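Reader: I have a model to go through before I set anything up. Can you walk me through it?
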Amino acid sequence: MGCVGAPMVLVEKGTLHVRRANANAAVLFGLGLDAFEDLPMEDLVGREASILLSQIWSVAPIGVPGEPFLIRAMVQGQERVLMVQVTKLAIEGELVRLFTFTDAPPQGSVSLAGWQENVVSLLDWLPFGFEIASTDDQIQFANATFKALFGYTQDEIESIEDWWRLAYPDPQYREFARSHWHSSIEAARRENREMTPFDLNVMTASGTERRIQFRHRTIGNFNVNLYIDVTKERAYAEQLKALADTDPLTGILNRRRFFEEAEEIFSRAGSGRSMGVLMLDIDHFKSINDTHGHRAGDLVLMEFVRRCQEVARPDDRFARLGGEEFALLLTAGEPAAAGTLAERIRTAIHASPFDIEGTAIPLSVSIGATLADPSKEPFGSAILRADNALYEAKRTGRNRVVTINA
C-alpha cells in the first residue's frame, strides 16, 4: 500500500471500520496514520458516502479491482467528489476490502455524481428488491429494499453459491429453484426479452419463508434482477380459492368444485377404466337439529365427514352437495368395489353413536352406488343413476346401500 501513489484504505468487510491506510490516504483525509485504526468509514467520508459504500457488494473476484464509481464525500470538512474502486483481498485467511480513492475527473464529475446519487436514492425508494449482478450472477449492487427483504449481508453472500445455500436450505427445492432460474434466463436471452416472471419460496436470514416473484433482464454485461414480495397476495389468493372450492363447515369439496373435478376426471379417463359414484344422505338429520340444536347438527356433519374420510382413499373426491347430502367419486378395480366401499362407510357411521359434547347421538346413512364407464357415458348420467339408487335406499328403509349399475 505504501508503494502505491493513490490513497488506499484497508477496511473490515462486515463493519466497514478502517484497519490501515497508506501515506497518501493520510494526506487526502488530513489524518495521521494512527488515527485510521478502527475508524468508522462514516467518520472518514461522511454518512451518505458511507451508505453508498455499504451497498457495493462483491464486485469482482478476490484480488481484482471492481468497477469504479463516484461518491460525494466529506473530506476535511469539505464536499469532494472521489472515484472509488473496491478490491476484495484475502489476508491470512481473512477477507477484507481495499478502497482506492482518486479525485474524479473534473469535467462533469460533480454533475455525474449527482445523477448517481439520484439513481441510488431512486433504487432505494423502490418497494421491491433491486439487484445488479455480473453475468455469472455475482452481486455487484443491491438496494436497501433487497437488504430489508432478505436480511442477508455482504459477508453472508460472498458468492452466488452462498445465495443458493442460504435462500433454499432444502437441497431438492434448491435444485428445482436453480434449474428453473437458469432455464428461464437462457430462454429470455435467446429471445432478447425479459425473463417470464415466476414465484419461488425463499428463506430469509430471520428464518421466515417468503414467496418471492422473480423478474430478470440482461442489459449489456449485467444482470438486472427484481425481487417482489408476493407472500400476502398469494396467501390471500389461496384463501379465496379455498373459500370458492370447499365447504366452509366440513372443509371438503363443495358442489360446484366437485362437479368440475368429476367431469374433468371422466373426460381424461381412458376406455376400460371403471369409476364408482356414491350418493350419501344422513338419515333423519332434521330431527337432530330439532332435538339437539343446530350447533349439534354442525358437529354431527363434521364427525360424519371425518368417519367417511377414514374409509375413503386419498385420491377419491368427496364433497358436500348441500345440507346432509354428500357425494363420493372413486376409481374401482372391479364391479363390486363401489358397493363394497359404500358398505364400509355405512358400517363406520352406524357402528357407534356420535359423541357430541357429551351426548350420544346414533346415526345412520343411506347410500346409492353405481359403477360407470367414462368412455361410454358422461358424469352427469352416472351421478343421476347413483341418486336414483339413493332414493331407493331411503324408500326401502334407510341405513342401507343400494347399487344400480348401467
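Author: Start with Arg346, which sits in helix α12, residues 337-350. Keep in mind that this is a predicted model.

Reader: Is Arg346 buried or exposed?
Author: Arg346 counts as buried, because its relative accessibility is 16% and the cut-off for buried is under 20%.

Reader: What is Arg346 in contact with, leaving aside neighbours within four places in sequence?
Author: Val365, Ile367, Asn399, Arg400 and Val401.

Reader: Switching to empty space. How many cavities of 30 Å³ or more turn up in the whole structure?
Author: The search finds two. The largest cavity has a volume of about 120 Å³.

Reader: Which residues are closest to the centre of that largest one?
Author: Glu131, Ile160, Trp163, Trp181 and Tyr227, out of 14 lining residues. Two or more lining residues come from each of β7 (129-134), α6 (160-167) and β11 (222-229). The largest share is from α6, with three residues.

Reader: And the lining by class?
Author: Eleven nonpolar, one polar and two charged residues line the largest cavity.

Reader: OK, pockets. What's the volume of the second largest one?
Author: About 200 Å³ for the second largest pocket. Its lining includes Glu48, Ala49, Ile51, Leu52, Arg72 and Asp124. Helix α3, strand β4 (69-75) and helix α4 (109-125) each supply at least two of the lining residues.

Reader: How does that lining split by class?
Author: The second largest pocket is lined by five nonpolar, two polar and four charged residues.

Reader: Leu52 is on that list. Where does Leu52 lie, and is it buried or exposed?
Author: Leu52 lies in helix α3, residues 47-54. Leu52 is buried, since its relative accessible area is 10%. From Leu52 to Ala6 the C-alpha distance is 21 Å, with their positions 46 residues apart in sequence.

Reader: Last topic, the cores. Which residues touch the most other members in the largest nonpolar core?
Author: Val9, Phe29, Leu44, Val45, Ile71, Phe99 and Phe101, in a core of 34 residues. Another core lies apart from that one, with 31 residues, among them Ile288, Cys308, Val311 and Leu330. Ile71 also lines the second largest pocket.

Reader: Take Phe29. What does Phe29 touch, not counting residues up to four places away?
Author: Phe29 touches Val9, Phe36, Leu44, Val45, Val75, Gln76 and Phe101.

Terms used: Residues numbered from 1 in each chain as written. Predicted model: local features only at pLDDT ≥ 70, side-chain atom pairs only at ≥ 80, totals over all residues. Heavy atoms only, no water. Core = buried A, V, L, I, M, F, W, Y, C linked by side-chain atoms within 4.5 Å. Buried < 20%, exposed > 50% of the residue type's maximum accessible area, 1.4 Å probe, protein only. Contact = heavy atoms within 4.5 Å. Helix = DSSP H or I, 4+ residues; strand = E, 2+ residues; numbered from the N terminus. 1 Å grid on protein atoms, 1.4 Å probe; cavity = no way out; pocket = protein on both sides within 12 Å on 5 of 7 lines; lining within 4 Å. Points joined across faces, edges and corners; volume = space filled by probe spheres on them. Nonpolar A, V, L, I, M, F, W, Y, C, P; charged D, E, K, R; others polar.
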